[in-house]
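I have opened a fresh page for a structure that is new to both of us. Come and look things up with me.

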Amino acid sequence: MTGKICGTGSYTPSFTMDNHDIAKLVDTSDEWIQERTGVIRRHIIQEETTVSMACEAGRRALENAKMSADEIDLILVSTISSNVVIPCTACEVQKELGAVNATCFDLSAACTGFVIAYNTALSYITAGIYKNVLVIGSESLSNLTNWKDRGTCILFGDGAGAAVVKACDQKTYIPVTHSDGASGEALKCSSRYDRNGLTKKVIPEEWMDNRYLMQMDGRAVFKFAVKSVPQAVEEVLDKNQIQKDEIVWYILHQANRRIVESVAKRLGESIEKFPMNLQEYGNTSSASIPILLDEMNRSGKLKKGQKIVLAGFGAGLTWGASILEWCL
Ligand code: UT7
């Protein structure tokens, strides 16, 4: 017993900012951003929230799966940018969609979040605990972005993607996931610091500008990604006795075109197997993989029986890879 994806959905805000818009905020240029990252524009929330985008992506995934909300028995939302601390985004999605039979919780693993949420769904299904799981990645990273820092604000965008994972009798593929908390300083955002009023801690003025917002050692994260992602992919293939030529698509977290190209090169695989949409959305953290999966599904690129690798990496540090067989 394992799970198969039987529907996908996504939502991205209609408002966009291109590189020229970013160049009005910080000292950068369209040429630099395109050359160093591949990003051309990003979609940014206006009226939308992490919850509203998660709901819309989830609704579209259910429609695509031809399932009703009350058939879902688990909703998992991966997010680092929830609107509120409680209730969790997954419970808000349950309320909006009317998924009255679902257990709901959020998961925080940054840009590896969708891969880990997908693995969690499979684990529950394999254990016989749940049958139909709605897995969502939804992020309003624009709320956490320091729009005065050219080292980060060029990269990120907002959006949500979702997949319905249903119990089936297919072969189970064992995923690979890793974490390195000791290197977590490379990408951080300390918005929930101690401010209970009882500890008498004084909040330094500069924290208001910086610690509330994402801080990244871009070079360190880049180096980590280009080393750890190929290793995780090799490991997951090895663990499941799958050869590279059996893999049709590598759907990677969309962080930077140069990272994707470097991973393809290190794996000795054609870049054609690595679809990208980061030029349109930037880095949407845990939403990037399901948005790309949904675009590929809806454009007919994914065919029944194709073997696909999903691979994520990011803050934590966390990284991992999973293999799935397309069933639609
Ligand atoms: O989801 C996972 C999380 N994040 C990532 O995956 C991000 C991984 N890292 C990256 O994508 C890249 O490191 C960045 C795109 C963030 C930066 O690119 P880079 O090629 O690593 O640039 P750099 O930080 O090494 O900076 C090179 C130069 C520096 O100037 P000097 O010191 O050589 O004179 C920077 O000051 O480029 C300068 N620079 C910029 N120039 C124009 C840095 N950011 C910008 C900018 N526009 N936006």
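These entries go from the whole chain to the ligand, and then to a few spots in the backbone.

**Entry 1: the whole chain**

I note before anything else that this is a predicted model. I looked up the secondary structure and found ten helices and 13 strands in the protein chain. Next I checked the radius of gyration, which is 19 Å, close to the 20 Å that the globule rule gives for 328 residues, so the chain is as compact as a globular protein of that length. I also took its extent: along the principal axes, the C-alpha trace spans about 55 × 45 × 40 Å.

**Entry 2: where the ligand sits**

Which pocket holds the ligand? I found it in the second largest pocket. Three elements each give two or more residues to the shell around it: helix H2 (30-37), helix H7 (218-239) and helix H8 (257-267). I then asked myself which of the elements gives the largest share of that shell. My answer is H7, with four residues.

**Entry 3: who surrounds it**

I counted 23 residues around the ligand. The closest are Thr28, Arg219, His253, Asn256 and Asn283. Sorting the shell by character, I get eleven nonpolar residues, seven polar ones and five charged ones.

**Entry 4: polar atoms beside the ligand**

Here I looked at individual atom pairs. Thr28 places a polar side-chain atom 2.7 Å from a nitrogen atom of the ligand. Asn256 also uses a polar side-chain atom, which lies 2.7 Å from a ligand oxygen atom. With Gly218 I had to look at the backbone: an N or O atom there is 3.0 Å from a nitrogen atom of the ligand. As for cover, the ligand on its own has 950 Å² of accessible area, and the protein covers 74% of it.

**Entry 5: cis peptide bonds**

I moved on to the backbone and stopped at Ile86 and Pro87, where the peptide bond is cis with omega near -5°. You can find Pro87 in the loop between strand S4 (74-78) and helix H4 (89-97). Further along, Gly316 and Leu317 are also joined by a cis peptide bond, with omega of about -5°. Leu317 belongs to the loop between strand S12 (307-314) and strand S13 (318-325).

**Entry 6: a positive phi**

What is the phi of Lys66? I read a positive value of about 55°, although Lys66 is not a glycine. To see it for yourself, look in the loop between helix H3 (50-65) and S4.

Terms used: Residues are numbered from 1 along each chain as its sequence is written. This is a predicted model: local features need pLDDT of at least 70, side-chain atom pairs count only at pLDDT 80 or more; totals for chains, interfaces and linings use all residues. Side-chain values use heavy atoms; hydrogens and water are left out. A residue is near a molecule or strand if one of its heavy atoms lies within 4 Å of it. A polar contact is a pair of N or O atoms within 3.5 Å; within protein, one must be able to donate a hydrogen and the other to accept it, and residues adjacent in sequence count only if both atoms are side-chain atoms. Accessible areas come from the Shrake-Rupley method with a 1.4 Å probe; for residues, only the protein chains shown count as cover. On a 1 Å grid over the protein atoms alone, a cavity is a set of points where a 1.4 Å probe fits but cannot get out, and a pocket is an open set with protein on both sides within 12 Å along at least five of seven lines; lining residues have an atom within 4 Å of a point. A molecule sits in a cavity or pocket if more than half of its atoms lie within 2 Å of its grid points. Ala, Val, Leu, Ile, Met, Phe, Trp, Tyr, Cys and Pro count as nonpolar, Asp, Glu, Lys and Arg as charged, and the others, Gly among them, as polar. The radius of gyration is taken over C-alpha atoms; the globule rule is 2.2 Å times the number of residues to the power 0.38.
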